[in-house]
Structure formats: structure tokens, C-alpha cells
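Visitor: I've got the model open and I'd like to learn how to read its interfaces, salt bridges and core. Can we walk through it together?

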Amino acid sequence: MSVLKANFLLSRPGFTLDIQCEIETQVTGIFGPSGAGKTSFLHVLAGLETPDHGSVFIQDHEVFNASKKLNLPPEKRKIGYVFQEGRLFPHLNVAQNLKYGLKQHLNLSKEVADLLKISDIISKKVSQISGGQAQRVAIGRALLSSPDILVLDEPFSALDKNLRQHIISLLKPLIKKFNIPMLVISHDLSDLLMLSDQLMIIHDGKCAGQGSYYDLIGQKEAFVEMSKSGLINSIELKVDYIDKEKGLLMLSHDDCQICAESRLNGNSFFDEKQVTIFLRPEDVTLALHRIEDISIQNQIEGKIEKLITTDNKVLCVIDHGFKLIAEVTLATKQKMKLEEGAKIWSLFKAAAIKMNSRGAVNSSELY
Amino acid sequence: MELFDFTYKELQAIGLSIQVATICAVVSLPIAVGVGWLLARKSFRGKWFLDGFVQLPLVLPPVTIGYVLLVVFGVRGFIGKFLMEHFDIRISFTFWAAVLASIIVSFPLVVRAIKVAIEMVDIELESAARTLGAGPWKTFFTITVPLAFPGIFSGFILSFARCLGEFGATITFAGNIIGQTQTLPLAIYSAMEVPGGEMIAFRLAMVSIILSFMAMVGSEYLNRKLVKKS
């Protein structure tokens, strides 16, 4: 069953959105520059804009078909829409906002409020809550309307990085619990990589690529778009323990062990079993052998899966059990005789690793 | 004291004025909300015409409005004749003529207040309600109306206050019949026409000023309270 099947053309003065796509994954990240048509795409799905031609299926239900003159109104499409600015109703309090779209037979509001950590603000007015809280209420409200699919339009853009990552960490268990497919727009690649199974790139009103992050890097148009915001490695790892003597946080993925600086995760790392680390491709050094007597803490062995040559650099996608992108120059590629399938060592400093830093978030802002 | 010595006729005029103004404001409100919403939210062919037509009584001399109403609803007017012949209903020179004249004269004011109030409601909130499963009616009554309520309420009070002061269209279309169509302004006018009626005119003018002032101040007070609450 496909989550979404869209094939439509929307023409507006000076802008055309021409989309053909089929989405089957649970969480899809939609990425693209401003004005590319990402929000219009979601508006068409939700019935807030009407295309000139084509059709839209949501969970195999046809919601729009121009030739059949079928155009279900937004309230019949069962799309939970979380808007960029939350759009909470100012004349209702938090609880009334949450329950606005709630079906009578469901009594999930308490559970959702607990999961989103908004139980304490439930009787507050909308004007009394912070931006981060408002966005969590908006997510809860959309979830409680029992949608077939949840769409989030830049839900984190008004929030700072720490708050954003906190909300993402709350969203992940919700996605699992409710098992609702989700489309999320963000201009921040690292946010999308933390949340989504697949990416869809929209550029200039067209779908410029769809697939996993590492597949898309091999596609020229998608690669160009993603490079503009800076490529990043996003790796989910298990937290093993903290080595206080060495000041290191020990992480692992299967047999592969990785050290990060322990201060990165503040005081809250004990709460976490899994963390997502970020590493810039230019911070990864390649070597043909393990190097002793070197200050770099992380040296892991893998296999080159793909080599992508761009104008003046080469991106190596390396399989370490997880995928890792390393950026080298053309000269390095030639000198090291890098080729697909060859064994390689990836080296990166513990200090080069960035991580969700929940401990740094102001607690009053969150609760 | 002569100042507070109201005669039965005067009290009748005051009562009639309040009655006409209340019915006028209550009847105008739902229609004005509908028209205001249409003008604020919908694009359609001839919108400019509807807008102009609704606003017309604002600039027309009230006597002209009364004359047009007489031509249309008078016993020889095309609607008035039909009502008379088929239902034995007469409108002109009755209480209902005073109400109709007041509605027409005050309608632009109410529509304008409500239209502006609805325009001020963020249309994106209405879209959000729709995506949460609310149909157009639920969205209108649970989002648009509560958020535009201070403006709608202002429109209601404006309509009431304007009706209290209505003169030209009423005297032309409803006449100046004591106990039936003689409202406060008409009673003041009649008193001024009669030698020695200055005190009556003064008394009624005072009542007229107090009533209008109370309506406007009350509206402003409630409006501020509502805005603060929301």
C-alpha cells in the first residue's frame, strides 16, 4: 500500500508545481530551497490548493482527480497538518486546542499530552506558552484528529537548534506509537536525517529526486540541492558508557566503537539509549591502514561502496555497518588509488562529532 | 419637576424607538454577518456591485431612501401591491415600515464593522480548522465568529444606535403616526413644530442623547473586555 501517490500540475502566475511521486516509507523528509514549492505541495495534498490537472491518492484513497471532478474538501482528507507557525486557536486554551479535531470515541489526549510533555500546560492560554510548547501542542492537535497521514510544514523553523532537536526526540516515539506515515518539510538536512527514512527533493516546482540520503547523493540534481545546505553524516548509535577519566562518551554500532567528547551530551546522556551523531564529510580522513601514534580517537574499517566525483572533489560513501560519507580531493583519490569495493579506514576526531545536546536546553522553555 | 414630567405620548415615542432599534439590530445582524463574510472572504463576479449596493444608503439622503421604499413597498409599489393583494399585508405607514427604514439605513454600518472584523481573523486559522476535520459551518461558528465577535458586537450596537437616530427615511416611508411610527426623533421634530413645545423637545433630546451615549459607551466597554479576554 502506498502512503501517497501524487501526479498533478498546479499553475499559478510565475510558478508551476509539477509533481509525480509515489511515497511508500513511513517518514519522508521533503527538502528543497525556499520558493521551490514544498509548502504548495503539502497544500495540494491537504486540499488547501487545487491543482489544474492530475490526481492525488492518500493511503490508496483518491482525494483529488481533475478529470473526474473529484476534489475532497480538507476536512474529508484525514491529513493532520502541522503548520510552520503552529496556528493554535488564540481564543481556546491548550486543552481545547488539542481536542478541537478529536473524535468522540477516542480518549488519547492525555497519552499524547504526556508523550509530548505538555500535560502541565494543558489549562494555559495559548498566549502564555512558549514557541516550543506551541509547536508541540500543534503536533498533538494534529495527531488527535486521527489522521491517515501527518504532514509537518517546517515545524521547527521558528525554534532554536536545541529545542528543535528536543522536539524531534519526542516525535520519534510518537511516530512509532501511532504508526502514522509522516511527511516533514525542513530546510535543515540534519533534522530531516534524524527523522526520516527517505528524502524527496523539490526544486523549482519539480521532484528532483527521491530515495535514501545516500542514494540521492549519487544523483546530480539532488546532490547539488543538498550540497547547498552542506552535506552531513547522520548516524544513530547506541550509548555504551561514559569514560570519565578520559572524558569520552563511548558509543557503538554493532561491533564498531566510536568515541565522542563526553561534555557533548550534557548531563542527560544517561536518559538516552540511542543518540544521533553528526559528522561533516570534510572532517573524515581516509587511510589505507590503521595508524598508530596519532591523536585521532576514531579509526574504523569499512568498504568503499560508492565514489561520487564532482567538479573538484570526491565523495566516498563508505560502509561501516552504517554509511559514512568522506570528502577528499581528486588528487587524494588518485594518490590513494581509491576505488569502489576497496577496504578503507575512516579516521575522525572525537571533537569533530556533534550531537543532540538535550542538557543544554533551558528547562523552563521545555516544560 | 417639568423636566422629568413625561407624558404618555412621549413615553410611547421612547418605547417605540427602543422597540424599533432592537428589532432592527436583531434582524440586521445575521444578514449582515452573512454579507460581511461574503465580502470579506469570497471572490465572485459582481462583488464590487454588491459592495457598492450595500454601502449606498450610507451616502444617499435618507429621504431618498424613504422615497424608494415607498415606491417599492407602498400600496401601489410593485412589492407592496403584491403583498396587499395576496396576503392583505400593508407595510408603508406602519410600525414595520419604521423597522424596515431603520434596517436599510443602518445596514451599511453593521456590514462594514463585521466585514472588517472578519477580515482581521487570520484566514490561516480557518484552514487549520478545516484540516482538523471541521467543515465550513463548524469552522465559521467555532473559529471565525468567536474571533470576530468584538467587531460583530460593535456592529450590533452601531445598528441599534443608528436606528435610534433615524429620521428622514422613517418620516417619508412610515409617516409620523403617534403610537405607531412616531419614534424619538420624529417626536422631537413634532414638538419643535408646536408653539410652546420646547420643553418637550428638550426632554426628548436629552433622552435621545442619553440612550445613544449609553449604547456607545456600553459597546466600547464590552468590546474592550472582550478584546482583553481573547
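Guide: Start with polar contacts, meaning pairs of N or O atoms within 3.5 Å; within protein, one must be able to donate a hydrogen and the other to accept it, and residues adjacent in sequence count only if both atoms are side-chain atoms. Between chain A and chain B, five residue pairs are in polar contact, both residues being at pLDDT 80 or more. On the side of chain A that touches chain B, the elements giving two or more residues are β7 (79-82) and α4 (131-144). Those labels come from DSSP runs, numbered from the N terminus: helices are H or I with at least four residues, strands are E with at least two.

Visitor: pLDDT, so what am I looking at, and how is it numbered?

Guide: This is a predicted model: local features need pLDDT of at least 70, side-chain atom pairs count only at pLDDT 80 or more, and totals for chains, interfaces and linings use all residues. Residues are numbered from 1 along each chain as its sequence is written, chains are lettered from A and ligands numbered from 1 in the order in which they are written, and side-chain values use heavy atoms, with hydrogens and water left out.

Visitor: How many residues of chain A are in contact with chain B, and what area is buried between them?

Guide: The size of an interface is often given as the accessible area lost when the parts come together. Here buried area is what two parts lose on being put together, summed over both (1.4 Å probe), while contact means heavy atoms within 4.5 Å. So count 19 residues of chain A in contact with 20 residues of chain B. The buried area is about 1,600 Å², and carbon and sulfur atoms give 64% of that. In chain A, A:E75, A:H91 and A:Y100 lose the most area to chain B, together 41% of what that side buries.

Visitor: Which salt bridge does A:E75 form?

Guide: The rule wants a side-chain nitrogen of Lys or Arg within 4 Å of a carboxyl oxygen of Asp or Glu. A:E75 pairs with B:R130, with the closest N and O atoms 2.7 Å apart. Two salt bridges are found across the interface of chain A and chain B, and the structure holds 21 over all chains. There is also a network of salt bridges linking A:E85, A:R87 and B:E124. Within it, A:E85 and A:R87 have their closest N and O atoms 2.9 Å apart.

Visitor: Are A:E85 and A:R87 buried or exposed?

Guide: Go by relative accessible area: buried is under 20%, exposed is over 50%, and partly exposed is in between (1.4 Å probe, protein chains only). A:E85 counts as exposed because its relative accessibility is 51%, whereas A:R87, at 8%, counts as buried.

Visitor: What about domains in chain A?

Guide: Domain bounds come from an automatic or database domain assignment. For chain A that gives domain 1 (4-230) and domain 2 (234-358). Their centres, taken over C-alpha atoms, are 31 Å apart. The two domains of chain A bury about 1,300 Å² between them, 62% of it on carbon and sulfur atoms. A:M194, A:Y214 and A:F223 supply 42% of the area that domain 1 buries against domain 2, more than any other three residues.

Visitor: Which residues form a salt bridge between A:E236's strand and helix α5 of chain A?

Guide: A:E236 and A:K172 do, with the closest N and O atoms 3.1 Å apart. A:E236 lies in strand β12 (residues 233-243) and A:K172 in helix α5, so the pair ties together parts 64 residues apart in sequence. A:E236 is partly exposed at 38% relative accessibility, and so is A:K172 at 25%.

Visitor: And the core?

Guide: In soluble globular proteins, nonpolar side chains tend to be buried together. A nonpolar core is a set of buried Ala, Val, Leu, Ile, Met, Phe, Trp, Tyr and Cys residues joined through side-chain atoms within 4.5 Å. The largest one has 57 residues, and A:I139, A:M182, A:L195, A:Y213, A:I217 and A:M226 touch the most other members. At least three residues come from each of domain 1 and domain 2 of chain A. Not counting residues up to four places away in sequence, A:M182 touches eight residues, among them A:L150, A:L171 and A:L195.
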